[in-house]
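Thank you all for coming; I would like to walk through one model this morning, starting with the sheets, moving on to the place where the chains meet, and ending with some charged pairs. Please have the picture open while I talk.

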2 protein chains.
Amino acid sequence: MIIDIHGHYTTEPAAMHTFRDKQLAGLVDSARKPTTTDLGISDEQVLKSVEKQLAFQKARGSDLTVFSPRASGMAHHIGTEATSIEWTRLSNDIIHRICTLLPDNFIGVGQLPQHPGAAPKESIPELVRMVKELGFVGVNVNPDPSGGYWTGAPITDKSWYPLYEKMAELEVPGMIHVSSSCNPNFHATGAHYINADTTAFMQLIQGNLFNDFPTLKFVIPHGGGAVPYHWGRYRGLCLNMKKPPLVEYLMKNVYFDTCVYHLPGIELLTKVIPMDNILFASEMVGAVQGIDPETGFDYDDTKRYIDQVGTLSEANRYKIFEGNARDVYPLLDRELTRRGHARQTF
Amino acid sequence: MIIDIHGHYTTEPAAMHTFRDKQLAGLVDSARKPTTTDLGISDEQVLKSVEKQLAFQKARGSDLTVFSPRASGMAHHIGTEATSIEWTRLSNDIIHRICTLLPDNFIGVGQLPQHPGAAPKESIPELVRMVKELGFVGVNVNPDPSGGYWTGAPITDKSWYPLYEKMAELEVPGMIHVSSSCNPNFHATGAHYINADTTAFMQLIQGNLFNDFPTLKFVIPHGGGAVPYHWGRYRGLCLNMKKPPLVEYLMKNVYFDTCVYHLPGIELLTKVIPMDNILFASEMVGAVQGIDPETGFDYDDTKRYIDQVGTLSEANRYKIFEGNARDVYPLLDRELTRRGHARQTF
C-alpha cells in the first residue's frame, strides 16, 4: 500500500471561497456576514472536487492520501479568533465529508483554530473534535500564526504544552505547517514554508521538548526544509550546544516527508536521513504544478524519484511508502488494520 | 590557488567588544560613551588574532581568504543609525589592517552601516570608502536589518536601487548575509542565516532585478540555503510564474558558496548547480566548530568534501577553487593579476 501523508484540499468548491469572503466582509460590515455555515455543497460536488486527486493517485500509483485543508487557506493571521474557529470547523468538516465518501482514498488530518496571540490550548476543543468525532489521524500545527512575522513563541515554549499533552494523549502526530504569508519578504511556497520547516527543526535542537513529551511526534514537511542538505551543520550545532548526537536526540520524534521535487534532492534525503524517519508524500495537488521539462513528468510526482533511488532495499521502500506512516500515525495504523490491511514484514 | 570567498573575523581582540559595549552603553548613559575610536590594538595583536585562520589555511590547503567582519557582529538592528555607521567603519578598518599586514592571506569585504528603516542609499558613502580607500573587493548586504522580524522591503524593491547602481559601477558583488537574530524563533546560524539565503533567492525569482542591473552579482552563502536541495521546486515555481527557465533567468548573476558541512550536501550542490555558479568557501572560523565524529575532521573543512567529489573534472575544480571567484569579484581578479597570479586555462 502506498500512503501519501501530505495532501491538501486545494480544489475546494467555490462555495468555500464565497463563504470566506462573506465571513471576512462581515467583520467590516456585519450585514455581509454569512447567514449559515451550511454551504449547500452536494455529495456530487464534493466528489467532483477531488477528481484530480483521484486521477493522480491512479496515474502515479498511490493508494491513500492523508488529506487536510488547504494550508494557505488556514490563514490564521486573518480575521479574528472567532472567525478562525468558525472557518476551521467548516474546513475540517468538508475534509471529513470527503473521507466519508471516499474512505479508501482519503483519511483526514485537521487544521487548528490558531490565531496570533491566542494560546495554543484554545485549539484543544477542535483537536478533540477532529479526532473523536471526525476520525482524523493527525493535525497540522502552525508554528507562526502571524503569517510571516514570527511574533509568537517558539514551538518549544511552555505555552504549547497543553496542546502537546492532548496530542500525546490522543496519539496524533503534528505536521509543522505554516499558512500563507502576509510578509512581502516571504513567498509562501518558495520561502515561508521552507523557512518554517528549517526553523522548527532548529527550535527542536535548541529546546528539549521530547524529554517532556517522549511520545509526541512531529512531521516536518517539504523534505524537512533545508535540514537534510545541511545535515552536517545541524549535527555540528547539536554537538556545539552539548546536546546528544542529533539522530539519538531528535529522530525518535521527528520525521520528514518526501515533498522534494527532483531526484537529486530525494537521493540526498534518503542518503542522510535514517530510513525510519522518511514518509512518502507528494503535496498534490500542490505547491508546484506542471511538467518538469527535464523529466517530462510532474514536479510533484515524487513516487517516481523514490522508485529511481537504486540503493533502497525492498524493506526500506516499504518503510517509506507505508510502514513509517503506520508507525507515526497510530490511528491510521489501527484503522487500516481494522479494514484488513496487515503490515508487511521483512 | 585556492580562494576561500567566505571568512568572517570571528576572533577579534577584546578591545573591539569593549568598544561596542561602551558605544551601546553610551546610548543609555552618555557618560559611558567611548572617548575615542582608536582602539589601541597593536599590529602584533592584529596578527595574533588571526593565527587560527592562518593555521587552518595551512592545514587545509587554502591560500587566500576573502575576509569580512563577524556577520553576527554587524547587528544592524541594535543601537541607532549613527552607532551603526561608527561601528561599521571601525569593523571595516580592522579588516583593512589585517589585509594590509597579511596581503597574501586576506583580501577585504566590508559590512554596510544598514539600520532598520534607513534607506539602503545611506550606506553608499561607506561602500565607496571600503572600495576606494580600503581596497575591498566585495560587500555584505543584509536583506533583513531588523534582525529576524523582516520588517523591511524585499531586496528587489526600488529602494535598494541606488545601492545597486553604485555596486555595479564599482564592480563589487554583494554577499547576501544577515546578522544576528533578535527573534527568539530564529537561531542565528541554524535558522536565520539559512532562511535568509532561501528567502533572498525566492525574492530574486519573484522580481526581475537583473533586467535592471544586468552586471550586478550576488553570492548567496551557506550553499544557497535550501535552494539546491529544492532545485526542482524553484525550477517549477519559476515556470509557474511565467519566468524564463531558472538557470537562464538568474544564474548569470547569482552564485552559491560551498559552506555546506557534509559530503552528501556538497555532492548535491555540485550535481544540480551549474559549475560556473559555485564558489569555494568554508566560513572559517565559523558557525560550526569542532570535529565531526563521522569523519574525524572539522565540519567546516569544506575543501575535503570537494576533493572527494569524484565526478569533478580538473577544469571544474579550478572554477570552484579560483576561476569563478575571479569572475565574480573583478577587483580581486585584477589585484591577483597585478601580483602575478595568472589565471589557468583548460
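Let me begin with chain A, where 8 strands form an open sheet in the order S1-S2-S3-S4-S5-S6-S7-S8, with parallel pairing. Strand S1 (3–9) and strand S8 (278–279) of chain A are the edge strands, each pairing on one side only. Before going further, I should say that this is a predicted model, in which local features need pLDDT of at least 70 and side-chain atom pairs count only at pLDDT 80 or more, while totals for chains, interfaces and linings use all residues. Residues are numbered from 1 along each chain as its sequence is written, chains are lettered from A and ligands numbered from 1 in the order in which they are written, and side-chain values use heavy atoms, with hydrogens and water left out.

As for terms, helices (H or I, at least four residues) and strands (E, at least two) are DSSP runs numbered from the N terminus, and two strands pair if DSSP finds at least two bridges between them. At one edge of the chain A sheet, strand S7 (residues 254–257) is joined to S8(A) by 2 bridges, and the two run parallel; here A:Phe256 has A:Ile278 as its bridge partner.

Chain B also has an open sheet of 8 strands, in the order S1-S2-S3-S4-S5-S6-S7-S8 and with parallel pairing, and its edge strands are S1 (3–9) and S8 (278–279). S1(B) pairs with strand S2 (residues 64–69) of chain B over 5 bridges, in the parallel sense, and B:Tyr9 stands opposite B:Pro69 there.

Further along, which residues cover the two faces of strand S4 (residues 138–141) of chain B? B:Gly138 and B:Asn140 lie on one side and B:Val139 and B:Val141 on the other, and all are buried, where buried means under 20% relative accessible area, exposed over 50% and partly exposed in between, with a 1.4 Å probe and protein chains only. Strand S3 (residues 106–110) of chain B is joined to S4(B) by 2 bridges, running parallel, and B:Gly110 has B:Val139 as its bridge partner. Between these two strands the chain passes through helix H6 (residues 124–132) of chain B, in a right-handed β-α-β crossover; right-handed here means that, with the strands pointing away from the viewer, the path from the first strand over the helix to the second runs clockwise. On the other pairing, S4(B) meets strand S5 (residues 174–176) of chain B in the parallel sense over 3 bridges, with B:Val141 opposite B:Ile176, and the crossover from S4(B) to S5(B), through helix H7 (residues 161–170) of chain B, is right-handed.

Now to the interface. Contact, meaning heavy atoms within 4.5 Å, involves 57 residues of chain B and 57 residues of chain A. The two chains bury about 4,700 Å² between them, 54% of it on carbon and sulfur atoms, buried area being the accessible area (1.4 Å probe) that two parts lose on being put together, summed over both. On the chain B side, B:Asn185, B:Tyr229 and B:Arg233 lose the most area to chain A, together 19% of what that side buries.

A salt bridge is a side-chain nitrogen of Lys or Arg within 4 Å of a carboxyl oxygen of Asp or Glu, and the rule finds 8 of them across this interface. One of them pairs B:Arg235 with A:Asp292 (2.7 Å, N to O). Helix H8 (188–206) of chain B gives the most to the side that touches chain A, with 10 residues.

Within that helix sits B:Asn195, which is buried at a relative accessible area of 3%. Leaving out residues up to four places away in sequence, B:Asn195 touches A:Asn195, A:Thr198, A:Thr199 and B:Phe186.

Finally, the charged pairs: what does the salt bridge between B:Glu283 and A:Arg233 join? The side chains meet at 3.0 Å, N to O; B:Glu283 lies in the loop between S8 and helix H13 (302–308) of chain B and A:Arg233 in helix H10 (residues 231–240) of chain A, so the pair joins two chains. Both residues are buried.
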